[in-house]
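Me: I've got a model open and I'd like to learn how to read it. Can you walk me through it one feature at a time?

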Amino acid sequence: MKIKSSDILKILGIVAVISALTIQGVIIYRQQTVIAAVTPDQLRHKLEIYVPSTVNINQEFDNQAVVEQTLRELAEFFGGSSAQEIRGCWISGNGTPVFEKPVICFVYCNDAQLEQGKKQIRKLAEKLRISLKQESVAIVIDGVMEFI
């Protein structure tokens, strides 16, 4: 996909005008072509797994050890992993809201790792679902959430 800088400037035109007024100088634009290239080894895919902070649906527990084990397993498979704590609420199967602080463990992978990586993250989610007695565990693959 080729994008000309003049196309970008059309979008950012108001910024250029504000800058010109602020600086009170002359701005000269040079036309360039920006080329976006994708190589097979780029880590273009993101896989995420939500590690619950509750067991038996709504009983709080310290999920630190589970998060560390999840990060370790992901790192062993993908070469590295990261985590981020969030706050959330979901409605359980019996209709009651469950507030918790899940941790999102995530990895980035290349095209070659993606298919096997999907299997790995689904397998890990199923293991967490059973061991933590969850109705489901959320995973996200390239921005699309599913429940295991």
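Reply: Sure, we'll go through a helix, its salt bridges and a strand residue. Keep in mind that this is a predicted model.

Me: Let's take helix 4. How does its end-to-end span compare with what its residue count should give?

Reply: The idea is to multiply the rise per residue along the run and check that against the end C-alpha atoms. Helix 4 has 21 residues, so at 1.5 Å a residue it should span 30 Å; the end C-alpha atoms sit 31 Å apart, which agrees.

Me: Where is helix 4 kinked, and by how much?

Reply: The kink is centred on Gly117 and comes to about 35°.

Me: What should I look at around the ends of helix 4?

Reply: At the start, look for a side chain reaching a backbone nitrogen: here a side-chain oxygen of Asn110 comes to within 3.1 Å of the backbone nitrogen of Ala112. After the helix, check the backbone angles: Lys133, which follows helix 4, has a positive phi, near 50°.

Me: Which residues of helix 4 are buried, and what do they pack against?

Reply: The buried ones are Leu114, Gly117, Gln120, Ile121, Leu124, Ala125 and Leu128. They pack against strand 3, helix 3, strand 9 and strand 10. Note that Gly117, the centre of the kink, is on the buried list too.

Me: On to charges. How many salt bridges are there?

Reply: Five. For each one, look at the atom distance, then at where the partners sit. Asp111 pairs with Arg44, with the closest N and O atoms 3.2 Å apart. Asp111 is in helix 4 and Arg44 is in the loop between strand 2 and strand 3, so the pair ties together parts that are 67 residues apart in sequence.

Me: Are Asp111 and Arg44 buried or exposed?

Reply: In between: Asp111 is partly exposed at 36% relative accessibility, and Arg44 is partly exposed at 44%.

Me: Which salt bridge has both partners inside helix 4?

Reply: Glu115 with Lys118, at 3.4 Å between the closest N and O atoms. The two are three residues apart, about one turn of the helix. Another bridge joins Arg122 to Glu146 at 2.9 Å; that pair links helix 4 to strand 11, across 24 residues.

Me: Last one: is Val140 buried or exposed, and what does it touch?

Reply: Val140, in strand 10, is buried, with a relative accessible area of 6%. Beyond its sequence neighbours within four places, Val140 is in contact with Lys46, Leu47, Glu48, Tyr50 and Met145.

Methods
Residues numbered from 1 in each chain as written. Predicted model: local features only at pLDDT ≥ 70, side-chain atom pairs only at ≥ 80, totals over all residues. Heavy atoms only, no water. Salt bridge = Lys/Arg side-chain N within 4 Å of Asp/Glu carboxyl O. Helix = DSSP H or I, 4+ residues; strand = E, 2+ residues; numbered from the N terminus. Buried < 20%, exposed > 50% of the residue type's maximum accessible area, 1.4 Å probe, protein only. Contact = heavy atoms within 4.5 Å. Expected span 1.5 Å × (residues − 1). Bend = angle between axes of the 7 residues up to and from the residue. Polar contact = N/O pair within 3.5 Å; in protein donor to acceptor, adjacent residues only side chain to side chain.
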